[in-house]
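Me: I would like a close look at a single part of this model. Please take one contact between charged side chains as the starting point and work outward from there into the strands around it.

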Amino acid sequence: MNAEYANIRDLKPGMKNLTLCFIVLEMGRPNKTKEGHEVRTCRVADKSGSINVSMWDEPGQLLQSGDICRLSKGYTSLWKGCLTLYTGKGGEIIKMGEFCLVFSEIPFMSEPNMELIQAQQSKLSEQRSVSPPVQQQLSIQSPNLQEVRIPGSGNGTISAQAPFNGNNRNVQSLLSLPMPPLARNQQQSSTTTSNGHNNGGGRRGSRR
């Protein structure tokens with residue numbers, strides 16, 4: 001086989017810009033996508049082994065068992081734990097002939113591989129662990145409002161606004177709404193400190 005062609009048995013997940021020559025062994029039944037495309041899973045082989053190829057629309061409609069094809073700009077990925085070959089953007093599958101290619105069905109590279117599945121799961125777990133936490137804020141806005149920020153549970157805050165009319169009645173009404181546990185504890189702690197300060201100030205100011 002030409003040196004420009006990759007061997008099926010050497011394929012691994014994540015490979016790109018592949019060129020292969022293979023014979024079609026089996027054509028799967030078409031499945032319809034929501035967008036109306038036809039997708040088939042087909043088994044193909046070269047002299048080094050066999051693999052499943054995902055074919056969309058016209059190639060899957062025109063090809064049949066025994067066709068010898070050239071796939072360009074292909075890439076590999078895992079589909080339900082099975083190594084699968086795809087045609088990338090700008091790639092194509094071209095029929096080159098019929099029944100004149102030495103091939104081997106073994107090894108079948110699309111057999112479920114637990115090592116590949118575990119490696120993929122580990123990679124996904126690492127990506128999730130390094131993702132920064134999302135800080136959420138609840139914001140209620142209206143014209144002529146005075147902003148009040150209340151500490152929320154976790155890393156976020158609750159930002160709300162109340163009509164300002166020269167006094168703080170509306171603000172007190174807003175603060176009387178149910179708050180997260182952390183905000184409630186902080187408010188109780190602040191109230192206790194404030195009461196102690198006022199009482200102490202009253203005692204210092206009294207004289208006989």
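**A salt bridge and its surroundings**

Reply: Arginine 70 and glutamate 4 form a salt bridge through their side chains, with 3.6 Å from N to O. The two partners come from distant parts of the chain: arginine 70 belongs to strand β5, glutamate 4 to the segment before β1, and 66 residues separate them. The model is a predicted one, and these distances are to be read as computed from it.

Neither partner is fully enclosed. Arginine 70 is partly exposed, at a relative accessible area of 24%. Glutamate 4 is partly exposed as well, with a value of 45%. The cut-off for buried is under 20% and that for exposed is over 50%, so 24% and 45% both fall in between.

Threonine 19 touches both of these residues. Leaving aside neighbours within four places in sequence, its contacts are Glu4, Tyr5, Ala6, Arg70, Leu71 and Ser72. Threonine 19 is part of strand β1. Its relative accessible area is 15%, so it counts as buried. The strand as a whole follows suit: 8 of the 10 residues of β1 are buried, and β1 is therefore largely enclosed by the rest of the structure.

The strand pairings of β1 come next. β1 pairs with β5 in the antiparallel sense, over 5 bridges. Within this pairing, phenylalanine 22 stands opposite cysteine 69 of β5. β1 also pairs with β3, again antiparallel, over 4 bridges. There the bridge partner of valine 24 is valine 44 in β3.

Leucine 71 follows arginine 70 in the chain and is another contact of threonine 19. Beyond four places in sequence, leucine 71 is in contact with Leu18, Thr19, Leu20, Phe22, Val53, Leu85, Tyr86, Thr87, Glu92 and Ile93. A second, separate core of 6 residues includes Tyr5, Cys21, Ile23 and Ile68. Tyr5 is also among the contacts of threonine 19.

Leucine 71 itself is a member of the largest nonpolar core. That core has 19 residues, and Leu20, Val44, Ile51, Val53, Leu71 and Leu85 touch the most other members. At least two residues of the core come from each of β1 (18–27), β3 (38–46), β4 (49–56), β5 (67–79) and β6 (82–98). The largest share, 4 residues, is supplied by β1. As a general point, nonpolar side chains in soluble globular proteins tend to be buried together.

Strand β5 holds a further charged pair. Aspartate 67 forms a salt bridge with lysine 95, and their closest N and O atoms are 3.4 Å apart. Aspartate 67 lies in β5 and lysine 95 in β6, so this pair ties together parts that are 28 residues apart in sequence. The two partners differ in exposure: aspartate 67 is buried, at 2% relative accessible area, whereas lysine 95 is partly exposed, at 41%. Salt bridges with shared partners join Asp67, Lys95 and Glu98 into one network.

Elsewhere, the side chains of arginine 40 and glutamate 38 meet in a salt bridge of 3.2 Å, N to O. Arginine 40 and glutamate 38 are both buried. The count of salt bridges comes to 5.

One backbone feature also belongs to β5. Lysine 73 is found in this strand and has a positive phi of about 50 degrees, although it is not a glycine. Lysine 73 is partly exposed, with a relative accessibility of 44%. Aspartate 57 likewise has a positive phi, near 55 degrees. Aspartate 57 sits in the loop between β4 and α1 (58–62), and at 24% relative accessibility it counts as partly exposed.

A word on confidence closes the picture. The protein averages a pLDDT of 74, and 59% of the residues score at least 70. Among the elements, β1 has the highest mean pLDDT, 95, and strand β7 (residues 137–139) the lowest, 47. Over residues 136–140 pLDDT stays under 50, and the model has 11 contacts for them beyond four places in sequence. Where pLDDT is low, the predicted coordinates should not be read in detail.

Definitions and conventions
This is a predicted model: local features need pLDDT of at least 70, side-chain atom pairs count only at pLDDT 80 or more; totals for chains, interfaces and linings use all residues. Side-chain values use heavy atoms; hydrogens and water are left out. A nonpolar core is a set of buried Ala, Val, Leu, Ile, Met, Phe, Trp, Tyr and Cys residues joined through side-chain atoms within 4.5 Å. Buried means under 20% relative accessible area, exposed over 50%, partly exposed in between (1.4 Å probe, protein chains only). Contact means heavy atoms within 4.5 Å. A salt bridge is a side-chain nitrogen of Lys or Arg within 4 Å of a carboxyl oxygen of Asp or Glu. pLDDT is the predictor's confidence in each residue, from 0 to 100. Two strands pair if DSSP finds at least two bridges between them.
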